[in-house]
Amino acid sequence: MKQVVAIIKPFKLDDVREALADIGINGLTVTEVKGFGRQKGHSELYRGAEYMVDFLPKVKIEAVMADDMVDQAVEAIQTAARTGKIGDGKIFVMEVEQVIRIRTGETDEAAI
């Protein structure tokens, strides 16, 4: 099993969720986060004063899936989240050792 974590622009969340649902991935965890990469933030003007915004709003999506779904999920996220501009985000894929559904005690792929 693998965990796929994607950091994307907030306005792309619905597109990514729909793309993942279309390939059969329904369980997601979504968190509003802030961060920056190469873009290093940007400056904004507020009431005539310029100030630096270091951390930009992003959305973090986490999903655990069977190994054979990872390539499809990564492709779906890339396609749905891409704007072609700096700050589109990143996708991380990590190994998951064990999953346990608390309510039923099911483990591993049965618990996903």
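Strand 2 (29-35) and strand 6 each contribute at least two residues to the lining of the largest pocket in this predicted model. Strand 2 gives the largest share of that lining, namely three residues. The pocket itself has a volume of about 300 Å³. Its lining counts 14 residues, and those closest to the centre of the pocket are Phe36, Gly37, Arg38, Gly89 and Lys90. A simple idea stands behind such a search: rolling a probe the size of a water molecule over the atoms shows where empty space is left.

With the pocket located, the overall fold can be walked through. The protein is built from two helices and six strands. Followed along the sequence, these elements come in the pattern β-α-β-β-β-β-α-β. Contacts between parts of the chain that lie far apart in sequence are well represented: among contacts in the protein with a separation of 6 or more, 71% join residues 24 or more positions apart. The protein has 112 residues, and buried ones make up 30% of them. On the outside, the accessible surface comes to about 7700 Å², and carbon and sulfur atoms hold 50% of this area.

Helix 1 (residues 13-22) offers a friendly place to see burial at work. Which residues of helix 1 are buried? They are Val16, Ala19 and Leu20. Looking down the axis of helix 1, one finds these buried residues within an arc of 95°, so they line one face of the helix. The cover over the buried residues of helix 1 includes strand 1, strand 5 (56-65) and helix 2 (70-81). After helix 1 comes Gly24, a residue with a positive phi, near 100°.

Attention can now turn to charged side chains. How many salt bridges does a search of the whole structure find? The search finds five, and three of these pairs are described here, beginning with Lys2 and Glu95. In this pair, the closest N and O atoms are 2.6 Å apart. The bridge ties together distant parts of the chain, since Lys2 sits in strand 1 (residues 2-8) and Glu95 in strand 6 (residues 89-95), 93 residues apart. Strand 6 thus appears here as well as in the pocket, where it supplies at least two lining residues. Is Glu95 buried or exposed? With a relative accessibility of 54%, Glu95 counts as exposed, because the cut-off for this class is over 50%. Lys2, in contrast, has a relative accessibility of 22% and therefore counts as partly exposed.

Another salt bridge joins the side chains of Lys12 and Asp15, with 3.7 Å from N to O. Lys12 has a relative accessible area of 13%, which means that it is buried, as the limit for burial is under 20%. Its partner Asp15 has a relative accessibility of 36% and is classed as partly exposed.

A further bridge is made by the side chains of Glu106 and Arg101, where N and O lie 2.6 Å apart. Glu106 is partly exposed, at a relative accessible area of 31%. Arg101 is also partly exposed, with a relative accessibility of 27%.

Technical notes: Residues are numbered from 1 along each chain as its sequence is written. This is a predicted model: local features need pLDDT of at least 70, side-chain atom pairs count only at pLDDT 80 or more; totals for chains, interfaces and linings use all residues. Side-chain values use heavy atoms; hydrogens and water are left out. A salt bridge is a side-chain nitrogen of Lys or Arg within 4 Å of a carboxyl oxygen of Asp or Glu. Helices (H or I, at least four residues) and strands (E, at least two) are DSSP runs, numbered from the N terminus. Buried means under 20% relative accessible area, exposed over 50%, partly exposed in between (1.4 Å probe, protein chains only). The arc is that of the directions from the helix axis to the C-beta atoms. Contact means heavy atoms within 4.5 Å. Accessible areas come from the Shrake-Rupley method with a 1.4 Å probe; for residues, only the protein chains shown count as cover. On a 1 Å grid over the protein atoms alone, a cavity is a set of points where a 1.4 Å probe fits but cannot get out, and a pocket is an open set with protein on both sides within 12 Å along at least five of seven lines; lining residues have an atom within 4 Å of a point. Grid points are joined across faces, edges and corners, and a volume is the space filled by probe spheres set on the points.
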